[in-house]
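Okay, thanks for coming, everybody. I'll put the structure up, and then we can walk through it together.

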Amino acid sequence: MDARFLVTTPIPGPGLPLLEEKGSVTVLPEPPSYSRLRELCSSGDYDVVLTQLRDTVDADLLAEAQVKGVSNFAVGYNNIDVKAATSHGILVGNTPGVLTDATADVAMALILGTSRRVIEADRMVREGRFRGWEPELLLGRDISGSVLGLAGFGRIARAVARRALGFGMEVLFSPRPPGDRPVGREELGEFADRVQQVPWDELVTRSDFLSLHVPLTEQTHHLVDADVFKLMKPGAILINTARGPVVDEKALVAALRDGEIAAAGLDVYEDEPRLAEGLTELPNTMLLPHVGSATVPVRAEMSRLSALNAVAMVTSQEPPHLVNPEVLK
Ligand code: GLV
């Protein structure tokens with residue numbers, strides 16, 4: 001019998017044709033509600049479901065699900081209870097690697113945009129408030145010579161480090177979960193002698209830019225909270241291209257409002273698409289709608305990888321990017 005794939009929202013790129021070669025494909029016109037997704041997954045009508053970040057695949061859904069696998073169209077998979085999936089023998093796939101540079105580019109865009117007040121400047125021009133060159137117009141700060149602190153030192157953090165070094169920044173990092181696991185020279189590779197590992201508290205206190213590159217886990221939930229904002233420099237800028245709940249967003253609004261930190265550049269939010277009250281009113285924020293991986297080639301690769309994972313799940317091959325290989329043992 002042909003495989004039956006459920007795709008929870010339209011995706012670009014080669015993914016759908018790849019699935020169509022192997023079976024029937026149902027693409028929902030927009031992300032389903034939780035209850036609809038649960039119903040579809042337990043219907044017995046689908047072998048694999050291709051999900052995206054807005055789909056909550058929790059333990060209750062997985063307990064009833066009659067699918068062999070969940071292929072997530074994302075590198076992060078905090079929307080899926082992987083432990084529960086594993087306990088039910090359900091495979092989980094993701095799309096690592098292909099969005100590393102694109103996400104690092106967005107982190108740099110936020111670093112540059114917040115330090116040079118790009119949003120305020122753009123608004124001034126559009127609103128007809130530009131009166132010509134002025135010595136004191138929209139003065140920002142230099143990023144060269146400033147300290148970039150990376151929370152995490154995985155693929156995306158390293159890609160940001162590479163860029164930041166090119167801009168003449170001093171780069172510090174604390175590995176994930178920000179802690180004291182020593183990162184040796186071999187693991188540092190090209191970054192040996194060019195970046196410095198420091199304990200989390202030192203990272204927080206020394207950074208001019210604190211950029212988050214950790215997955216969302218129980219350990220990283222609200223990693224950056226009111227206590228952290230108190231430790232940060234008053235001129236510091238927070239950059240988040242990881243996951244919203246890593247930051248206590250209410251505390252962030254208070255810290256920005258009270259001048260505990262200078263600015264924030266965010267691509268992710270604690271309760272997307274809702275934003276903490278007051279965030280949009282603050283001039284010292286640059287707010288993007290979760291577009292870290294949003295380039296045409298990257299989304300095409302994510303599409304291809306998520307489809308290859310899904311096809312492998314129904315053909316008893318090992319998916320190229322399997323999050324829970326224990327299921328196959
Ligand atoms: C995007 O946020 C992803 O995890 O792919």
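**A walk around the model**

So, let's start out in a loop. L138 sits in the loop between helix 6 and strand 6. Its phi is positive, about 50°, even though L138 isn't a glycine. As a reminder, most residues other than glycine have a negative phi. And before I go further, please keep in mind that this is a predicted model.

Who does L138 sit across from? Take E120, which is 18 residues away along the chain, with 8.1 Å between the two C-alpha atoms. E120 belongs to helix 6, residues 118-126. Is E120 buried, exposed or something in between? With a relative accessible area of 25%, E120 is partly exposed, because the buried class stops at under 20% and the exposed class begins at over 50%.

Stay in that loop between helix 6 and strand 6 for a moment, since D142 lies there as well. D142 has 59% relative accessibility, so we call D142 exposed. For a feel of the distances here, D142 and P10 are 41 Å apart, C-alpha to C-alpha, with their positions 132 residues apart in sequence. And while we're on this stretch, have a look at R141: it lies over the face of F209, 5.5 Å from the ring centre.

Just ahead of helix 6 in the numbering, let me point out a serine. S115 is in helix 5, which covers residues 100-115. At 1% relative accessibility, S115 counts as buried. What does the side chain of S115 reach? That would be the backbone oxygen of L112, at 3.2 Å.

Okay, on to the aromatics, which is the part I had the most fun with. How many aromatic pairs does the structure hold? Two. You describe a pair like this by the distance of the centres and the angle of the planes, so I'll give you both each time.

Pair one is F153 with F173. The ring centres are 4.0 Å apart and the planes are at 20°, so this one is stacked. F153 comes from the loop between strand 6 (147-151) and helix 7 (155-166), while F173 comes from strand 7, residues 170-174. The pair therefore ties together parts that are 20 residues apart in sequence. As for burial, F153 is at 8% relative accessible area, which makes F153 buried, and F173 is buried too, at 1%.

Pair two uses F153 again, this time with F191. Here we have 5.6 Å centre to centre and 70° between the planes, and that's edge-to-face. F191 sits in the loop between helix 8 (185-188) and strand 8 (195-197), so F153 and F191 tie together parts 38 residues apart in sequence. Both F153 and F191 are buried. Put the ring pairs together and you get a cluster of F153, F173 and F191.

Now for the ligand. Which residues are around it? We have L53, A74, V75, G76, L99, R243 and H290. By character, that shell splits into four nonpolar, two polar and one charged.

What about polar contacts? From the backbone side, a polar atom of V75 is 2.8 Å from a ligand oxygen, and a polar backbone atom of G76 is also 2.8 Å from an oxygen of the ligand. From the side-chain side, H290 has a polar atom 2.7 Å from a ligand oxygen. And how much of the ligand does the protein cover? The ligand taken alone exposes 190 Å², and 89% of that is buried by the protein.

Last stop, a couple of backbone oddities to go with L138. The other positive phi I want to show you is H222, near 55°, and again this is a residue other than glycine. H222 is in the loop between strand 9 (209-212) and helix 10 (226-231). H222 comes out as partly exposed, because its relative accessibility is 23%.

Then there's a peptide bond to click on. Most peptide bonds are trans, but the bond joining E272 and P273 is cis, with omega about 0°. You'll find P273 in the loop between strand 11 (263-266) and strand 12 (285-287).

That's my tour. Shout if you want to go back to any of these spots.

Technical notes:
Residues numbered from 1 in each chain as written. Predicted model: local features only at pLDDT ≥ 70, side-chain atom pairs only at ≥ 80, totals over all residues. Heavy atoms only, no water. Near = heavy atom within 4 Å. Polar contact = N/O pair within 3.5 Å; in protein donor to acceptor, adjacent residues only side chain to side chain. Areas by Shrake-Rupley, 256 points an atom, 1.4 Å probe, with all protein chains shown as cover. Nonpolar A, V, L, I, M, F, W, Y, C, P; charged D, E, K, R; others polar. Phe/Tyr/Trp six-rings, centres within 6.5 Å; stacked < 30°, edge-to-face > 60°. Helix = DSSP H or I, 4+ residues; strand = E, 2+ residues; numbered from the N terminus. Buried < 20%, exposed > 50% of the residue type's maximum accessible area, 1.4 Å probe, protein only. Lys NZ or Arg CZ within 6 Å of the ring centre and 35° of its normal.
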